[in-house]
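The following note is offered for discussion alongside the coordinates. It takes up the fold, the backbone, the pocket and the surface in turn.

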Amino acid sequence: MQITVVQLQAIAKTPAGKIAVVRFLPILNELMPKYGMTEPAVIAAFLAQAMHESAEFTRLKESFNYS
């Protein structure tokens, strides 16, 4: 199952996120099937977590600023 730009941008909530996700689309479409992520529910869960943890792929380094 391939994800489209439209689908990924529909998930992103911020303008920066809508731009950033485009960079990662080819990588996601290549690697998700390789690691067994082929079911829509699994893909949705993975994208939700990855986009949350990376601020919609705009933060690529851990800040270690925990409160």
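1. Helices are taken here as DSSP runs of H or I with at least four residues, numbered from the N terminus. On that basis E56 belongs to the segment after α3, and A55 is placed in the segment after α3 (40-53) as well.

2. The model under review is predicted. Its chain contains 3 helices and 0 strands, and the order of elements from the N terminus is α-α-α. The C-alpha trace extends over about 35 × 25 × 20 Å along its principal axes. Of the 67 residues in the chain, 28% are counted as buried.

3. The backbone of the segment after α3 deserves inspection. A55 has a phi near 50 degrees, a positive value in a residue other than glycine. E56, which is not a glycine either, shows a positive phi of about 60 degrees.

4. Is E56 buried or exposed? With a relative accessible area of 10%, E56 is buried, because the limit for that class is under 20%. A55, by contrast, has a relative accessible area of 36% and is therefore partly exposed.

5. Which residues line the largest pocket? The lining consists of H52, E53, S54, A55, R59, L60, K61, E62, S63 and Y66. The space in this pocket amounts to about 200 Å³. By residue class, the lining comprises 3 nonpolar, 3 polar and 4 charged residues. A55 thus appears both in the lining and among the residues with positive phi.

6. Two members of the lining, H52 and E62, may be considered as a pair. They are separated by 10 residues in sequence, and their C-alpha atoms lie 13 Å apart in space. E62 is located in the segment after α3. The relative accessible area of E62 is 48%, so this residue is classed as partly exposed; the exposed class requires a value over 50%.

7. On the surface, a nonpolar patch is formed by I27, L31 and Y35, whose accessible area together is about 300 Å². I27 lies within helix α2, which covers residues 15-34. Why can I27 take part in a surface patch? Patch residues need over 30% relative accessible area, and I27 qualifies on this count because its value is 43%, which makes it partly exposed.

8. For the discussion, two regions are suggested: the segment after α3, with its positive phi values at A55 and E56, and the patch of I27, L31 and Y35.

Key:
Residues numbered from 1 in each chain as written. Predicted model: local features only at pLDDT ≥ 70, side-chain atom pairs only at ≥ 80, totals over all residues. Heavy atoms only, no water. 1 Å grid on protein atoms, 1.4 Å probe; cavity = no way out; pocket = protein on both sides within 12 Å on 5 of 7 lines; lining within 4 Å. Points joined across faces, edges and corners; volume = space filled by probe spheres on them. Nonpolar A, V, L, I, M, F, W, Y, C, P; charged D, E, K, R; others polar. Patch = residues over 30% accessible without salt bridge, like charges linked within 9 Å, V, L, I, M, F, W, Y side chains within 5 Å. Areas by Shrake-Rupley, 256 points an atom, 1.4 Å probe, with all protein chains shown as cover. Salt bridge = Lys/Arg side-chain N within 4 Å of Asp/Glu carboxyl O. Helix = DSSP H or I, 4+ residues; strand = E, 2+ residues; numbered from the N terminus. Buried < 20%, exposed > 50% of the residue type's maximum accessible area, 1.4 Å probe, protein only.
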